[in-house]
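Here is a quick tour for anyone meeting this protein for the first time. Have a look at the chain, then read on.

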Amino acid sequence: MKHLRRRLLLAGALLPWLLGTVHAGTDDPHRALLEQLRAGGLVIYWRHAITDRSRRDQDLSDMARCERQRILSEAGREQARAMGEDIHTLGIPVGEVISSPFCRNVETARLGFGRHSLDEGLFNWPPASAERKPRLVAALQ
């Protein structure tokens, strides 16, 4: 698991699964992953919680205009809260919480952790203009 020493990519379903493993008291080989998470020093990446797919992103020139974006569904809001609770329950330390400017990402961070900072470098790739894409690549590196 050397690749986990500095960074970790987590899907939204992984932490509830780990929580179930802990409560079951199993000696699962994935328990080592939980211990690495508890040790800290990793980057946990979560795109955002479940969204309302009946809405589409429209004009993204003003990222504060949530009515022009696909937003979290009620299930997504509950998922974001549950993810934050699971991380706390599992004893995983959380340092800085960084969000892209998309309203769905900001709300996921706020509901899950109660705090966040914005980073324009996390802007979603597909809608970015051709002149903006090189800056996004540099920011993510």
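## A first look around

The protein chain exposes about 8700 Å², with carbon and sulfur atoms supplying 53% of that area. Keep in mind that this is a predicted model. Of the chain's 141 residues, 35% count as buried.

What does the fold consist of? The secondary structure comes to 5 helices and 4 strands. Read from the N terminus on, the elements go β-α-α-β-α-β-α-β-α. Take the contacts in the protein chain with a separation of 6 or more: residues 24 or more positions apart account for 49% of them.

## The nonpolar cores

Now for the inside. In soluble globular proteins, nonpolar side chains tend to be buried together. Here, the largest nonpolar core has 13 residues, and the ones with the most contacts inside it are L37, W46, A49, A80 and I92. Helices α2 and α3 each supply at least two residues of this core. There is also a second, separate core of 5 residues, and M63, F102, F123 and L136 are among them.

## Helix α3 up close

Helix α3 covers residues 74-89. Does its length come out shorter than expected, or in agreement? At 1.5 Å a residue, the 16 residues of α3 should span 22 Å, and the end C-alpha atoms are 22 Å apart, so the two agree. The buried residues of this helix are G76, R77, A80, M83, G84, D86 and I87. One of them, A80, has already turned up in the list of residues with the most contacts inside the largest core. After α3 comes G91, whose phi is positive, near 75°.

## Who pairs with whom

On to the charged side chains. Side chains of opposite charge can pair when their charged atoms come close. A search of the whole structure finds 8 salt bridges, and the table shows three of the pairs.

| Acidic residue | Basic residue | N to O distance |
|---|---|---|
| E35 | R38 | 3.1 Å |
| D57 | R104 | 2.8 Å |
| E107 | R110 | 3.7 Å |

Let's start with E35 and R38. Both sit in helix α2 (residues 31-39), and because they are 3 residues apart, about one helical turn separates them. E35 counts as partly exposed, at 38% relative accessibility, and R38 is partly exposed too, at 29%.

The salt bridge between D57 and R104 is at 2.8 Å, N to O. This pair links distant parts of the chain: D57 lies in the loop between β2 (44-45) and α3 (74-89), while R104 belongs to helix α4 (residues 103-113), 47 residues apart. Is each partner buried or partly exposed? D57 is partly exposed, with a relative accessible area of 26%, whereas R104 counts as buried, at 2% relative accessibility.

Helix α4 also holds E107 and R110, which are 3 residues apart and therefore separated by about one helical turn. E107 has 15% relative accessibility and so counts as buried. R110, at 43%, counts as partly exposed.

That last pair has company: E74, R77, E107 and R110 are linked in a network of salt bridges. R77 is a member you have met before, as one of the buried residues of α3.

Notes: Residues numbered from 1 in each chain as written. Predicted model: local features only at pLDDT ≥ 70, side-chain atom pairs only at ≥ 80, totals over all residues. Heavy atoms only, no water. Buried < 20%, exposed > 50% of the residue type's maximum accessible area, 1.4 Å probe, protein only. Contact = heavy atoms within 4.5 Å. Areas by Shrake-Rupley, 256 points an atom, 1.4 Å probe, with all protein chains shown as cover. Salt bridge = Lys/Arg side-chain N within 4 Å of Asp/Glu carboxyl O. Core = buried A, V, L, I, M, F, W, Y, C linked by side-chain atoms within 4.5 Å. Expected span 1.5 Å × (residues − 1).
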